[in-house]
Amino acid sequence: MASYSSSIAFLLLCIYCFSFIGVLGFSVELIHQNSPRSPYYNPYETYSQRVTNVIHNSINRASHFNQTISSTHTPPSNLAFNNGYIVTYSIGTPPFHYFGLIDTSSDLIWLECKPCKTCAIHKNMFDPSKSTTYKTIPCTSDKCHSVRNTSCSSGVKKTCNFTNFINGLPAGTGDLSLETLTIDSNNNVSPVSFKNIVVGCVHDSFVSVLGGPTSIVSLGNGPNSLVSQMSPSIGAKFSYCLVPIPLTSIPTPKFIAGKLHFGDDAVVSGDGTVSTPMTKKGHYLLTLEGFSVGNNRIEFENSFYGGGGGGGGGQGQDGNIVIDMYESVTLLPNDLYSKFELAVSKAMKLERTADPNGLMSLCYKGTLTKLEIPIITAHFRGADVKLNTINAFMQVAPEVVCLAFIPTKFQDYVTYGGIAQMNFLVGYDLQKNTVSFKPIDCSK
């Protein structure tokens, strides 16, 4: 009888345990850095300054990843950081609240930590000495060797030091560590915690002094990104829904946050969903076959990421365009952009005007809410994505709209930017190696 009771108790215990094993599903808010809800919001920036920052950020990011800027500690004068989406999370035990900039091309979670003499002055900064779960990683550890740009400390313990990067620039140094990371889910009663997550604790930084983020939350495909480290719990799936970028200095209409989903919450399906193969080659790569403007189709002749050209409509297997939510505008090779711009200009019936910021090429008088554009479609392999007005154009001045695409000389870094992804549910399945798009109102 005792044996029978013990068996029943064991079975019930197993059922209870296994009910918590499987794919988690949770979501967090995505807040744009230009939103008044953001800790990086600058109410004194003008509309023109914000537009200029958005465009400069995309250009600089492309040049950094293309390795055309020397790796010094002095950033270019026009380096712009206030262009991405942030999430809130907690680090350590007890949990310490932090804001992190989401980056789908980054492979390491890092944050500024005490002591930090070169960081911007913050009232709140994570102090690892006060966390009971903080552990430095030895430089002999495999985890240390799995991160680029690491070295051994000069102390007796020989811990793992690292150099962190943002937009391709060395942005500081610190300790590579293990820590508990907690995400306050929007749809779960309890926060979701992950133990022994590899994080970089920065003790020497210039980024925040220049108005940049104090933390990066990486969603890249490297082994130490947040997505990769959570992968067993989230089924290697994440998705996001980007709301339009708030550029106005007047906090109306209400700035509604987008969403970042993980696991079961990240599945993209249903009417209107299209999917395309993805290649993980340092970045998340898709194969863009071309664009259509009305019935006029323009082929993308680069066949694979890294240039090489002449592939006949993007038939290569390695992908030819990076999908990047942090980079706002879409960057196209000069030849493709010229053909695309010409096709759009021929189909538009509005009066052309100059960009008052002197950055964009194809501009018209008007506003996004009243702009009539031709049907523009991005043709990915197996997935045709129809772009709405807010995906194809951006408001660069109160009465001026411009095509949200720019030509780039960097053939090795062509990107499908965040503006083109706004009001789409964009899902990444890292097991099936696919990216899915579903048109949706992200404000709802």
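Mentor: A residue counts as buried when its relative accessible area is under 20%. This is a predicted model, and of the 444 residues of the protein chain, 55% count as buried.

Trainee: What makes up the protein chain in terms of helices and strands?

Mentor: The protein chain has seven helices and 29 strands.

Trainee: How many disulfides does the structure hold?

Mentor: There are five disulfides in the structure. One of them joins Cys 139 to Cys 152.

Trainee: Why is the pair Cys 139 and Cys 152 called a disulfide?

Mentor: The cut-off is a pair of cysteine sulfur atoms within 2.5 Å. The S to S distance for Cys 139 and Cys 152 is 2.1 Å, so the pair meets that definition.

Trainee: Where do Cys 139 and Cys 152 lie in the chain?

Mentor: Cys 139 is in the loop between strand S5 (135-136) and helix H3 (142-145), while Cys 152 is in strand S6 (residues 150-152). They are 13 residues apart, and the pair links distant parts of the chain.

Trainee: Why is the disulfide of Cys 139 and Cys 152 right-handed or left-handed?

Mentor: The torsion about its S-S bond is about 90°, so the disulfide of Cys 139 and Cys 152 is right-handed.

Trainee: How do you know whether Cys 139 is buried or exposed?

Mentor: Cys 139 has 8% relative accessibility. Buried means under 20%, so Cys 139 counts as buried.

Trainee: And what is Cys 152 called at 44% relative accessibility?

Mentor: Partly exposed is the range between under 20% and over 50%. At 44%, Cys 152 therefore counts as partly exposed.

Trainee: What makes Cys 144 and Cys 160 a disulfide?

Mentor: The S to S distance between Cys 144 and Cys 160 is 2.1 Å, and the limit is 2.5 Å, so the pair qualifies. Cys 144 lies in helix H3 and Cys 160 in strand S7 (residues 160-166), so parts 16 residues apart in sequence are tied together. Both cysteines, Cys 144 and Cys 160, are buried.

Trainee: Why is the disulfide of Cys 241 and Cys 442 right-handed or left-handed?

Mentor: The torsion about the S-S bond of Cys 241 and Cys 442 is about -80°, so this disulfide is left-handed. Cys 241 lies in strand S11 (residues 237-241) and Cys 442 in the segment after strand S29 (434-439), so the pair ties together parts 201 residues apart in sequence. Cys 241 and Cys 442 are buried.

Technical notes
Residues numbered from 1 in each chain as written. Predicted model: local features only at pLDDT ≥ 70, side-chain atom pairs only at ≥ 80, totals over all residues. Heavy atoms only, no water. Helix = DSSP H or I, 4+ residues; strand = E, 2+ residues; numbered from the N terminus. Buried < 20%, exposed > 50% of the residue type's maximum accessible area, 1.4 Å probe, protein only.
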